[in-house]
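Q: Please take a close look at one helix packing in this model. Then set the ligand site beside it.

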Amino acid sequence: MRKKIVAGNWKMNNNLIETELLLSKLKNSNLAPNVEVMVSPSNLFLKTSIDFLSSSKIEVVSQNVHNKSNGAYTGEISVGMLKSIGINKSIIGHSERRSHFQESNETLLEKSKLCLENGLGIIFCFGEELSDRKMGKHFEVVENQLSTTVLQISKNKWQNIILAYEPVWAIGTGETASPDQAQEIHQFARNIIFKKFGKELSENTSILYGGSVKPKNASDIFSQTDVDGGLIGGASLIAEDFLSIIESNSES
Ligand code: PEP
C-alpha cells in the first residue's frame, strides 16, 4: 500500500533561530499517525534539525544534492555528506533548480541514480510550465520528463522513489491546479509507471502534488484517488498551516 506523505520545502528561508522555532512548534504537536511528515530546511541546518527532531516522527530531507559523488565542485553537497549526517532522502528536480540552476533531465537522471545507488531516497519533482499547458502540451512534457529520468531507473530501486507533480505555474503563485487537473496528471503518471513496471509498482508509488497547497484547498486535492499527499512550499513555513495540511491528508 502506498504512503500518505506531507513534505515541507522551506527553500532559502529561516535563519537558525527561526528554523529551531518552527521545528519546535511541529515537534510539540500531535501528528496524525497515518501520514509521513518531512521537512526540508536549508542544508546548513540539516544536522541541527535532525538532532532537534530526534524524538519526533518528522523526517528531515535535503532540498538538493550534487550529481557527482565528490571532487572539485565548490559550494556543493554530496550524497555521502548527506548520508553521513543521517539524511535518507533528497528532493530532486524542483522546478526552481531546473530554471534558476539550469538542471537538465540528463543531470537529474545522474543525480537520481547516484542517490539511489547509495541508499538515498528521492522525491522527484516534475511538472509543466504555463506555456506548455496553454498549448495543450502538458501530458507530452510530463511524459518526457519522466521517461528521460526516473523511468530509466531499475525497478528494484523504486521503493525509494516518491514522485511530486508540481505544475510550475502553480508554485508560489497562489494559483492551484484544480483537484481534477491534479488527478488527471497523477493518473497519467501512474499509468506511465504501470506500462513500464506493472501494476504493483504503479499502485505502490506515492505521488505528491505541489503548487500553492494551503489549508483551505488541501482536503479537496488530497481526496483525489491518485494524490497521496503534498510537497508544500510557502504554507510549510507557517506551523499552523502546515499542521492543518497534514491533518487534511490524514482524513482524505
Ligand atoms: C514548492 O516549492 O514545491 C511549492 C509547492 O511551493 P508553494 O507551495 O509555495 O507553491
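A: For the packing, each helix axis is a line fitted to C-alpha atoms over the stretch in contact, and the angle between two axes follows their N-to-C directions, from 0 to 180 degrees. The model is predicted.

Start with helix H1, residues 16-27, and helix H11, residues 239-251. Their axes lie 10 Å apart. The packing angle is about 40 degrees. The crossing of H1 past H11 is right-handed.

Now the residues in that contact. H1 contributes Leu22, Lys25 and Leu26. On the H11 side, they meet Ala239, Glu240, Phe242 and Leu243. Sorted by class, the contact between H1 and H11 holds 5 nonpolar and 2 charged residues, with no polar ones. Lys and Glu count as charged, so Lys25 and Glu240 are the charged pair of residues in this list.

Next, the ligand. Its shell has 14 residues. Lys11, His94, Glu166, Gly172 and Ser212 are the closest of them. By class, the shell splits into 8 polar, 4 nonpolar and 2 charged residues.

Three polar contacts involve oxygen atoms of the ligand. Glu166 uses its side chain: an N or O atom there is 2.7 Å from a ligand oxygen. Ser212 uses its backbone, with an N or O atom 2.7 Å from an oxygen of the ligand. Gly234 also uses a backbone N or O atom, at 2.8 Å from a ligand oxygen. On its own, the ligand has 290 Å² of accessible area, and the protein covers 98% of that.

Note on methods. Residues are numbered from 1 along each chain as its sequence is written. This is a predicted model: local features need pLDDT of at least 70, side-chain atom pairs count only at pLDDT 80 or more; totals for chains, interfaces and linings use all residues. Side-chain values use heavy atoms; hydrogens and water are left out. A residue is near a molecule or strand if one of its heavy atoms lies within 4 Å of it. A polar contact is a pair of N or O atoms within 3.5 Å; within protein, one must be able to donate a hydrogen and the other to accept it, and residues adjacent in sequence count only if both atoms are side-chain atoms. Accessible areas come from the Shrake-Rupley method with a 1.4 Å probe; for residues, only the protein chains shown count as cover. Helices (H or I, at least four residues) and strands (E, at least two) are DSSP runs, numbered from the N terminus. A crossing is left-handed if the near helix is turned anticlockwise from the far one by less than a right angle, and right-handed if clockwise. Contact means heavy atoms within 4.5 Å.
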